Amino acid sequence: MSLTDSHVHLQDECFRDDLEEVIQRALSSGVRRMVCCGTNPEDWQRVSLICQDHPCLLPAYGVHPWFAGRLSEGWKDKLHALADRSAAIGEIGLDKLLCNENIEKQIDVFNTQLDICLEAGKPAIVHCLKAFGALMQTLSSRKENPRLLMHSYSGSAEFMRELGKFDVYFSFNGKMLQDNCKSMHRAIRNAPAGKILLETDSPYLTPPEEYLLQAAAEKNIKNNMGYLRNEPANIPLICRGAARLRGVSPEELERQTEENFQILF
Ligand SMILES: [Zn+2]
């Protein structure tokens, strides 16, 4: 098996004590690479360090919308300097669900980072929660956009089609496989084969039990939200679940997502 987890935060505090074990577990379960996404200038150094030590981790640097309002002077220069050594710029984006008050500032920081993507020739890893109108408006008002990866895509199947006018890919996580996420199931089913990727967003968005690798779950480590920690080793099971929804074999989805990753990154 050869799979990619296109979105993890292995720099997170809850991986400090057993990072080697977590990476080893991912590799032995068939996940051969993981994109480790920074969220603000404060965690970029940790991302860089752990990626240097582990060639299976690809670094991405960016300012997550939650941090857009508390940036200190010089963050742009710092990001510019990291961009060439980065697999992508991310995680960046817009969030009206969990942080609605500073959307103008978020758009500003998002635009700046999309420019950095273009200059460096890198894709953008995009977080978007309940801000799909603002996202469409922002992207449409720009002269040029980089390749985009909608991470943990949570929009409708219809909006996915609308976004198709940009060079956009969609990545789905394991939590979306739970029974009550019917609209997400539709999105997973309707995503164009040439545009789909898989991710865990570890340590967050822990999938339902049937998509948890037992060796990972039995560690019983919690993330800072108090939930069972998600791990990249869960990707093969998530691939099975997503393949079942799409009516293809896990091998076919594995082949397709690897091909898509290769093109996007
Ligand atoms: Zn994330």
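Of the 265 residues in the protein, 45% are buried. The model is a predicted one. Its C-alpha trace spans about 45 × 40 × 30 Å along the principal axes. The radius of gyration is 17 Å. A compact globule with 265 residues would have a value near 18 Å, so the protein agrees with that expectation. Contacts between residues 24 or more positions apart account for 75% of the contacts with a separation of 6 or more.

The secondary structure consists of ten helices and eight strands. The eight strands form an open sheet, and their pairing is parallel. The order in the sheet is β1-β2-β3-β4-β5-β6-β7-β8. The edges are held by β1, residues 3-8, and β8, residues 196-198. Each of these two strands has a single partner strand, so one side of each is left without a neighbour in the sheet. From one strand to the next, the twist averages 30°.

At one of these edges, β1 pairs with strand β2, which covers residues 31-37. The two strands run in the parallel sense, and four bridges join them. Within this part of the sheet, aspartate 5 has methionine 34 of β2 as its bridge partner.

A helix also packs against the sheet. Helix α10, residues 250-264, lies across four strands: β1, β6 (148-150), β7 (168-172) and β8. Relative to β8, helix α10 runs at about 100°. Both edge strands, β1 and β8, are thus among the strands that α10 lies across.

Key: Residues are numbered from 1 along each chain as its sequence is written. This is a predicted model: local features need pLDDT of at least 70, side-chain atom pairs count only at pLDDT 80 or more; totals for chains, interfaces and linings use all residues. The radius of gyration is taken over C-alpha atoms; the globule rule is 2.2 Å times the number of residues to the power 0.38. A residue is buried if 20 or more other C-beta atoms lie within 10 Å of its own, exposed if 12 or fewer, and partly exposed in between; C-beta atoms are placed from the backbone. Two residues are in contact if their C-beta atoms, placed from the backbone, lie within 7 Å. Two strands pair if DSSP finds at least two bridges between them. Axes are lines fitted to C-alpha atoms, for helices over the stretch in contact, and angles run from 0 to 180 degrees between N-to-C directions.
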